[in-house]
Amino acid sequence: MLILKTLSLGPKHGWAIAKRIQQVSGEVLQVQQGSLYPALHRLEQHGWIKAKWAESETGRDAKFYSLTAAGRKQLETETFNWNRLSSAIQIVVNEA
Amino acid sequence: MWWLTRLQMQLRMLFYRTRSRRQLDQELQFHLDRQTAENMEAGMNAEDAHYAARRAFGSPTALRDETRSTWRWNGLESFWRDVRYGAITLRRTPGFLLVARFRHGALHWRFYVSFHDRSRESSEASSISRSFAIGNDL
């Protein structure tokens, strides 16, 4: 879901995705950066993201990922479910 | 000249697999290099920057293998899903004949499943045919 959300803002290569997730989470989410790649490849196989090799900001070629229409829909579904889940948990946890 | 087509197919599989593997290595290396560069900009020396990037990344070998396995596993997963779906359809509709044909290639399998409605006498039997391809990679 985090990957899909990050890509909803525009195409990125793997390293940029990792950096963005780290930044936005306020450095709270410390994930093993490399685990992004099996996830990215799986998402691509599901058809939710697509990849293209292009020149990066450093001049070297990099694999850029972007959200597909199906991916956008998947993101909506997952965000909805996540919000529902987290509000339910919040109610339980904050119960006096 | 079926063997020529088969050879072409096998070569293509081999070609794509090699290219995919090369591209994956390139992808992971790009990430490591960018992280190393960022570490150096933050003031680390080359050696420390390199090791810090590697530590933050995880084991490139393990991750590379895990990524490659997603190519293989996904094909298998969707294959079994289709077989299960086919079996459920069969159970629900009596009189259907399941015809399965195997064609075995060294690297490439094709599993044809076609459903023929036996209860119909008409010359056009309703048929649903699906083909499942399992490659041993990709």
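**The A–B contact, the core and the cavity in a predicted two-chain model**

In this predicted model, the contact between the two chains draws 24 residues from chain A and 22 residues from chain B. Putting the chains together buries about 2,100 Å², and carbon and sulfur atoms account for 54% of that area. On the chain B side, the residues that lose the most area to chain A are B:E27, B:F30 and B:R34, which together make up 31% of what that side buries.

It helps to set out the two partners before looking at individual residues. Chain A contains four helices and three strands, arranged from the N terminus as α-β-α-α-β-β-α. Chain B has three helices and three strands, but here the order along the sequence is α-α-α-β-β-β. Of the 96 residues in chain A, 36% count as buried; for chain B, with 138 residues, the figure is 27%. When contacts between residues at least 6 apart in sequence are considered, 42% of those in chain A join residues at least 24 apart, and the corresponding share in chain B is 45%.

B:E27 is a good place to begin a closer look at the contact. This residue sits in helix 1 of chain B. Is B:E27 buried or exposed? Its relative accessibility is 4%, under the 20% limit, so B:E27 counts as buried. Beyond its sequence neighbours within four places, B:E27 is in contact with A:Y37, A:H41, A:W53, A:K63 and A:Y65. B:E27 also helps to line the largest cavity, where A:Y37, A:W53 and A:K63 are among the other lining residues.

That cavity deserves a few words of its own. The structure holds one cavity of 30 Å³ or more, and the space in the largest cavity comes to about 40 Å³. Residues of both chains take part in the lining: A:H13, A:G14, A:W15, A:Y37, A:W53, A:D61, A:A62 and A:K63 from one side, with B:E27 and B:F30 from the other. Helix 2 (14-24) and strand 3 (61-67) of chain A, along with helix 1 (2-41) of chain B, each supply at least two of these residues. Strand 3 of chain A gives the most, with three residues. In chemical character, the lining divides into five nonpolar, three charged and two polar residues.

Helix 2 of chain A can be followed from the cavity into the buried parts of the model. Its buried residues are A:G14, A:W15, A:I17, A:A18, A:K19, A:I21 and A:Q22. After the helix comes A:G26, which has a positive phi near 65°. Further along, in the loop between helix 2 and helix 3 of chain A, lies A:Q33. Although it belongs to a loop, A:Q33 is buried, with a relative accessible area of 7%. Which residues surround A:Q33, leaving aside its neighbours within four places in sequence? Two residues of helix 2, A:A18 and A:Q22, are in contact with A:Q33, as are B:H31, B:Q35, B:A56 and B:F57 from the partner chain.

The nonpolar interior likewise draws on both chains. The largest nonpolar core has 21 residues, and A:L4, A:L7, A:L36, A:L40 and A:I49 have the most contacts inside it. Two or more residues come from each of helix 1 (2-7), helix 2, helix 3 (36-46) and strand 3 of chain A, and from each of helix 1 and helix 3 (60-92) of chain B. Helix 3 of chain A gives the most to this core, with four residues. In soluble globular proteins, nonpolar side chains tend to be buried together. A:I49 shows the surroundings of one such core residue: apart from neighbours within four places in sequence, A:I49 is in contact with A:L4, A:L7, A:L40, A:L43, A:E44, A:Y65, A:S66, A:L67 and A:T68.

A:S66, one of the contacts of A:I49, leads to a final pairing. A:S8 and A:S66 are 58 residues apart in sequence, and their C-alpha atoms are 7.7 Å apart in space. A:S8 is found in the loop between helix 1 and strand 1 (12-13) of chain A. With 21% relative accessibility, A:S8 counts as partly exposed, because the limit for a buried residue is under 20%. Its contacts, again leaving aside neighbours within four places in sequence, are A:L67, A:R72 and A:L75.

Technical notes
Residues are numbered from 1 along each chain as its sequence is written. Chains are lettered from A and ligands numbered from 1 in the order in which they are written. This is a predicted model: local features need pLDDT of at least 70, side-chain atom pairs count only at pLDDT 80 or more; totals for chains, interfaces and linings use all residues. Side-chain values use heavy atoms; hydrogens and water are left out. On a 1 Å grid over the protein atoms alone, a cavity is a set of points where a 1.4 Å probe fits but cannot get out, and a pocket is an open set with protein on both sides within 12 Å along at least five of seven lines; lining residues have an atom within 4 Å of a point. Grid points are joined across faces, edges and corners, and a volume is the space filled by probe spheres set on the points. Ala, Val, Leu, Ile, Met, Phe, Trp, Tyr, Cys and Pro count as nonpolar, Asp, Glu, Lys and Arg as charged, and the others, Gly among them, as polar. A nonpolar core is a set of buried Ala, Val, Leu, Ile, Met, Phe, Trp, Tyr and Cys residues joined through side-chain atoms within 4.5 Å. Buried means under 20% relative accessible area, exposed over 50%, partly exposed in between (1.4 Å probe, protein chains only). Contact means heavy atoms within 4.5 Å. Buried area is the accessible area (1.4 Å probe) that two parts lose on being put together, summed over both.
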